[in-house]
Amino acid sequence: GVSIISHPLELISDEISELNAISTGDAAAKPGQYVRVVGLRMMWRSRKLKTGTPFYFMTLEDLDGYIDVLISDDVHKRHHIEIFQDYPLLIEGFVETDKMSGVPYIRANKIKAIISN
């Protein structure tokens with residue numbers, strides 16, 4: 001059997017603090033603001049706009065909970081290698097609220113894998 005002693009994000013808590021990242025819960029409470037959040041990619045799905053342009057959703061989990069991240073095709077093209085690594089991800093972007101559901105999400109501008117030394 002495998003024993004898990006701690007959450008992977010607990011192992012890099014100092015690095016997360018140095019990045020001035022906030023929790024997913026704190027980010028969700030900041031609509032319209034630019035935030036930095038570190039978490040693990042949990043789910044991934046893609047859709048297409050009516051124009052045929054793809055866009056992507058990722059569910060990001062941290063020690064506080066989770067938040068959805070909207071990723072444009074442009075951001076995906078710039079950061080696709082990092083998105084699919086098995087490392088925590090630093091997400092930077094604006095918090096927006098879904099007009100129909102009222103659920104907050106982050107519209108990603110930058111994505112970076114956090115590779116601990």
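**Exercise 1. Which residues in helix α3 (residues 73-83) are buried?** Place them around the helix and state what covers them.

*Solution.* This is a predicted model, in which local features need pLDDT of at least 70, side-chain atom pairs count only at pLDDT 80 or more, and totals for chains, interfaces and linings use all residues. Residues are numbered from 1 along each chain as its sequence is written, and side-chain values use heavy atoms, with hydrogens and water left out.

Step 1. Fix the terms. Helices (H or I, at least four residues) and strands (E, at least two) are DSSP runs, numbered from the N terminus. Buried means under 20% relative accessible area, exposed over 50%, and partly exposed in between (1.4 Å probe, protein chains only).

Step 2. List the residues. In α3, Asp73, Val75, His76, His79 and Ile83 are buried.

Step 3. Place them. These residues lie on the same side of α3, because they cover an arc of only 140 degrees around the axis; the arc is that of the directions from the helix axis to the C-beta atoms. On the other side of α3, Lys77 and Ile81 are exposed.

Step 4. Find the cover. The buried residues of α3 are covered by elements including β1 (34-48), β2, β3, β4 (89-97) and β5.

**Exercise 2. Identify two salt bridges within α3 and one that links distant parts of the chain.**

*Solution.* Step 1. Apply the rule: a salt bridge is a side-chain nitrogen of Lys or Arg within 4 Å of a carboxyl oxygen of Asp or Glu. The count comes to 5 salt bridges.

Step 2. Take the helix. Asp73 forms a salt bridge with Lys77, their closest N and O atoms being 3.2 Å apart. Arg78 and Asp74 meet in another, at 3.3 Å from N to O. Asp73 and Lys77 are 4 residues apart, about one turn of the helix, and Arg78 and Asp74 are likewise 4 residues apart. An α-helix has 3.6 residues a turn, so residues three or four places apart point the same way.

Step 3. Compare accessibility. Asp73 is buried at 14% relative accessible area, whereas Lys77 is exposed at 56%. Arg78, at 48%, counts as partly exposed, and Asp74, at 47%, is also partly exposed.

Step 4. Take the distant pair. Asp68 and Arg45 meet in a salt bridge at 3.7 Å, N to O. Asp68 is in strand β3 and Arg45 in strand β1, 23 residues apart. Asp68 is partly exposed at 21%, and so is Arg45 at 26%.

**Exercise 3. Describe how β3 pairs with β2 and β5, and place Ile106.**

*Solution.* Step 1. Two strands pair if DSSP finds at least two bridges between them. Strand β2 (residues 54-61) and strand β3 (residues 66-72) run antiparallel and are joined by 7 bridges. Thr59 stands opposite Asp68 in β3.

Step 2. Look at the turn. β2 and β3 form a hairpin with 4 residues between them, and Gly65 in the turn has a positive phi of about 155 degrees.

Step 3. Move to the other partner. β3 and β5 run parallel, joined by 3 bridges. Here Val69 stands opposite Ile106 in β5.

Step 4. Place Ile106. Ile106 lies in strand β5 (residues 104-113) and is buried, with a relative accessible area of 0%. Contact means heavy atoms within 4.5 Å. Not counting residues up to four places away in sequence, Ile106 touches several residues, among them Ala27, Val35, Ile67, Leu70 and Phe94.
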